[in-house]
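Please read the following note with the sequence and the model open beside it. The points concern a ligand, the spaces in the protein and some details of the backbone.

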Amino acid sequence: MIKQPRRARRCQLSVPGSSEKMLTKAAGLTLDHVFLDLEDAVAPSAKPSARGMIVDALNDLEWKPKTLCVRINDVDTEWCHDDIIEVVTGAGARLDTIMLTKAKSAADVQFVHLLLDQLEKKLNLPNRIGIECLIEEVEGMMNVDAIAACSDRLECLIFGMGDYSASQQMQLGHVGETGGYPPDVWHYPRYKMTIACRANGIDPVDGPYANFRNPEGYTKEAERSYVLGMVGKWAIHPSQVEIAQRVFSPDPEAIASARKQKAAYTQALEEGLGAINVDGVMVDAASIRIVQNLLDRADLYGM
Ligand code: COA
Ligand code: MG
């Protein structure tokens, strides 16, 4: 079972770790989660220095986002172990999670888990660092059930459609676009990953949409993943943040109605009734599970 705290991740903003300007900008934004990137947003030549910039940014800036994460290079690269060691040694106490890229199997995640075990002991860290993991390789998608179950540090899986489309050799437009495939080219991988997450008590998160000048396209993709049960979506630009924070927040009217249904159902149970009519809708034990999911999310977001 997962041992990590439950965190809001309606929006996860990607911030290139080699850009002091963007690190500073991200610290002042109001959103649930940011990840400071050492992977694809950082050129190979800039990766070693970006680690130090991320450590300084974590330690020195005042961060408004609640959850602070660092995205590391995958276990097949020469950078992965140094990414973890340098960032955790330099700023482990400021770090909530590490995000692993391009995981192909449970063993990849367990490598990160064991290295964190060792570093937390060595550094005597007060906090337990969680793991977030991208499913963006066809092997990772094939092994998603085992990956989702492999570590009690794992807090979420993210469907990374950019690398995933390359891994499957899909023929699409920009990252996150659906290529006009009827009815929805992301239906199967999103659905599959979301089920694996839910079966293991972790959060499913939707990946990036590269065309940040197309808020309608971004909103449509966010709404689709919300309906499927995902809890949030990446932003690659500040203009996408507010959209994701809004789309993944339960509607206030739905929250009010959920509270009303729950109260009516509690009352009905006391009267020995299992199914009741609330404003023309049948409410029973199954509907109360659905309602409770919504209320749990509302609680998490302080709504
Ligand atoms: N995080 C923090 N700040 C960001 C940002 C991000 N991801 N993207 C843009 N900004 C800042 C810019 O620095 C600029 O700041 P300013 O107002 O102080 O000048 C402001 O937001 C507006 O940016 P804009 O000029 O519209 O975009 P840009 O041309 O500077 O940057 C990208 C466009 C795509 C290069 C940039 O958004 C980016 O690098 N995104 C992240 C890429 C990434 O992480 N990829 C890997 C994961 S998929
Ligand atoms: Mg990727």
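**Notes on ligand 1, the pockets and the backbone**

1. In this predicted model, an oxygen atom of ligand 1 lies 3.4 Å from an N or O atom in the side chain of K25. Two further side chains should be examined with K25. For K21, an N or O atom of the side chain is 2.5 Å from an oxygen atom of ligand 1. For H237, the corresponding distance from a side-chain N or O atom to an oxygen atom of the ligand is 2.7 Å.

2. How much of the accessible area of ligand 1 does the protein cover? On its own, the ligand has 890 Å² of accessible area, and the protein covers 63% of it.

3. The shell around ligand 1 consists of 15 residues, and the closest are S14, K21, M22, I236 and H237. K21 and H237 thus appear here as well as among the side chains described in point 1. Divided by class, the shell contains 8 nonpolar, 2 polar and 5 charged residues.

4. Which element gives the most to the shell around ligand 1? Strand β1 does, with 4 residues. The space that the ligand takes is the largest pocket. Two or more residues of the shell around ligand 1 come from each of β1 (11-16) and α1 (20-27).

5. The largest pocket holds about 550 Å³ of space. Its lining comprises 28 residues, and those closest to the centre are S14, V15, P16, A41 and I236. The elements that give two or more residues to this lining are β1, α1, β2 (33-37) and α7 (161-167). The student may wish to locate S14 and I236 in the model, as both are also listed among the closest residues to ligand 1. By class, the lining of the largest pocket divides into 16 nonpolar, 4 polar and 8 charged residues.

6. The second largest pocket contains about 420 Å³ of space. Of the 19 residues in its lining, R6, R198, D203, V231 and R297 lie nearest the centre. Helix α12, residues 285-300, supplies the largest share of this lining, namely 6 residues. The classes are represented by 8 nonpolar, 3 polar and 8 charged residues.

7. A cavity should be considered separately from the pockets. Rolling a probe the size of a water molecule over the atoms shows where empty space is left. How many cavities of 30 Å³ or more does the structure hold? There is 1, and the largest cavity contains about 40 Å³ of space.

8. The lining of the largest cavity is formed by R6, R7, A8, R9, D203, V231, R297, L300 and Y301. R6, D203, V231 and R297 are included in this list, and they also appear among the residues nearest the centre of the second largest pocket. By class, the cavity lining has 4 nonpolar residues, 5 charged residues and no polar residues.

9. Two details of the backbone deserve a separate check. The peptide bond that joins P182 and P183 is cis, with omega at about -5°. P183 is placed in the loop between α7 and α8 (187-199). Helix α7 was also named in point 5, where it contributes to the lining of the largest pocket.

10. The second detail concerns K102, a residue other than glycine with a positive phi, near 50°. Where is K102 placed? Its position is in the loop between β4 (97-100) and α4 (106-123).

Methods: Residues are numbered from 1 along each chain as its sequence is written. Chains are lettered from A and ligands numbered from 1 in the order in which they are written. This is a predicted model: local features need pLDDT of at least 70, side-chain atom pairs count only at pLDDT 80 or more; totals for chains, interfaces and linings use all residues. Side-chain values use heavy atoms; hydrogens and water are left out. On a 1 Å grid over the protein atoms alone, a cavity is a set of points where a 1.4 Å probe fits but cannot get out, and a pocket is an open set with protein on both sides within 12 Å along at least five of seven lines; lining residues have an atom within 4 Å of a point. Grid points are joined across faces, edges and corners, and a volume is the space filled by probe spheres set on the points. Ala, Val, Leu, Ile, Met, Phe, Trp, Tyr, Cys and Pro count as nonpolar, Asp, Glu, Lys and Arg as charged, and the others, Gly among them, as polar. A residue is near a molecule or strand if one of its heavy atoms lies within 4 Å of it. A polar contact is a pair of N or O atoms within 3.5 Å; within protein, one must be able to donate a hydrogen and the other to accept it, and residues adjacent in sequence count only if both atoms are side-chain atoms. Accessible areas come from the Shrake-Rupley method with a 1.4 Å probe; for residues, only the protein chains shown count as cover. A molecule sits in a cavity or pocket if more than half of its atoms lie within 2 Å of its grid points.
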